[in-house]
Amino acid sequence: MQLAFVSPGCAMCCQILSVFGIVFLIILGFLFNAEVEELTGSTEDPMHPKEVGHACFVAAAVYAGFFLCCSCQQIVRRNDIRRARRL
């Protein structure tokens with residue numbers, strides 16, 4: 001049974017994008033929770049900034065899940081290469 005279903009390049013790309021997404025969304029989540037004037041001050045901004053902040057944290061958790069999945073893919077691929085070299 002093959003556990004690696006993502007190519008190494010795609011896994012690495014997913015990891016890099018996930019790290020940037022996690023950092024960006026966590027920063028936005030804290031800013032919305034703090035009700036920063038630049039994000040919540042105009043009439044077109046969200047009515048409930050704390051709920052938006054929570055949604056940012058949930059989205060960051062989803063990105064963290066993708067990061068973990070792709071990290072596991074990198075580990076599985078590395079182990080497959082080592083196993084192939086021994087044979």
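**Exercise 1. Locate glutamate 35 in this predicted model and describe its backbone and its exposure.**

Solution.
- Step 1: Start with the position. Glutamate 35 sits in the loop that lies between H1 and H2.
- Step 2: Look at the backbone. Glutamate 35 comes after H1 and has a positive phi, near 55°. This positive value occurs in a residue other than glycine.
- Step 3: Check the surface. The relative accessibility of glutamate 35 is 41%, so this residue counts as partly exposed, given that the partly exposed class runs between 20% and 50%.

**Exercise 2. Compare the span expected for helix H1 with the distance between its end C-alpha atoms, then work out which residues of H1 are buried and what they pack against.**

Solution.
- Step 1: Take the length. H1 has 26 residues, and at 1.5 Å a residue they should span 38 Å. The end C-alpha atoms of H1 are 37 Å apart, which agrees.
- Step 2: Turn to the buried side chains. The buried residues of H1 are Ala11, Gln15, Ser18, Gly21, Ile22, Leu25, Leu28, Gly29 and Phe32.
- Step 3: Find their partners. These buried residues of H1 pack against H2 and H3.
- Step 4: Consider the confidence. Among the elements of the protein, H1 (residues 8-33) has the highest mean pLDDT, 94, and H2 (residues 37-40) the lowest, 82. For the protein, the mean is 88, with 98% of residues at 70 or more.

**Exercise 3. Identify the residues that make the nonpolar surface patch, and place valine 19.**

Solution.
- Step 1: List the members. Val19, Val23, Ile27 and Leu31 make a nonpolar patch of about 310 Å² on the surface.
- Step 2: Place one of them. Valine 19 belongs to helix H1.
- Step 3: Test its exposure. Valine 19 has a relative accessible area of 39% and is partly exposed. A patch member needs over 30%, so valine 19, at 39%, passes that cut-off.

**Exercise 4. Describe the surroundings of cysteine 70 and the helix that holds this residue.**

Solution.
- Step 1: Assign the element. Cysteine 70 is found in helix H3.
- Step 2: Judge the burial. With a relative accessible area of 7%, cysteine 70 is buried. Other buried residues of H3 include Pro49, Gly53, Cys56 and Ala60.
- Step 3: Name the contacts. Leaving out residues up to four places away in sequence, cysteine 70 touches Ala11, Cys14 and Gln15. Of these, Ala11 and Gln15 are among the buried residues of H1.
- Step 4: Widen the view. H1 and H2 are among what covers the buried residues of H3.
- Step 5: Check distances along the helix. Cysteine 70 and alanine 60 are 10 residues apart along the chain, and 15 Å separates their C-alpha atoms. For H3 as a helix of 38 residues, the expected span is 56 Å, and its end C-alpha atoms are 56 Å apart, which agrees.

**Exercise 5. Find the salt bridge of the structure and explain how its two residues are placed to meet.**

Solution.
- Step 1: Count. The structure has 1 salt bridge.
- Step 2: Name the pair. The side chains of aspartate 80 and arginine 83 form the bridge, at 3.0 Å from N to O.
- Step 3: Recall the chemistry. Opposite charges on side chains can pair when the charged atoms come close.
- Step 4: Use the helix. Aspartate 80 and arginine 83 are 3 residues apart in H3 (residues 49-86), so about one helical turn separates them. In an α-helix with 3.6 residues a turn, residues three or four places apart point the same way.
- Step 5: Add the exposure. Aspartate 80 is partly exposed at 27%, and arginine 83 is partly exposed at 48%.

Note on methods: Residues numbered from 1 in each chain as written. Predicted model: local features only at pLDDT ≥ 70, side-chain atom pairs only at ≥ 80, totals over all residues. Heavy atoms only, no water. Salt bridge = Lys/Arg side-chain N within 4 Å of Asp/Glu carboxyl O. Helix = DSSP H or I, 4+ residues; strand = E, 2+ residues; numbered from the N terminus. Buried < 20%, exposed > 50% of the residue type's maximum accessible area, 1.4 Å probe, protein only. pLDDT = per-residue confidence, 0-100. Patch = residues over 30% accessible without salt bridge, like charges linked within 9 Å, V, L, I, M, F, W, Y side chains within 5 Å. Areas by Shrake-Rupley, 256 points an atom, 1.4 Å probe, with all protein chains shown as cover. Expected span 1.5 Å × (residues − 1). Contact = heavy atoms within 4.5 Å.
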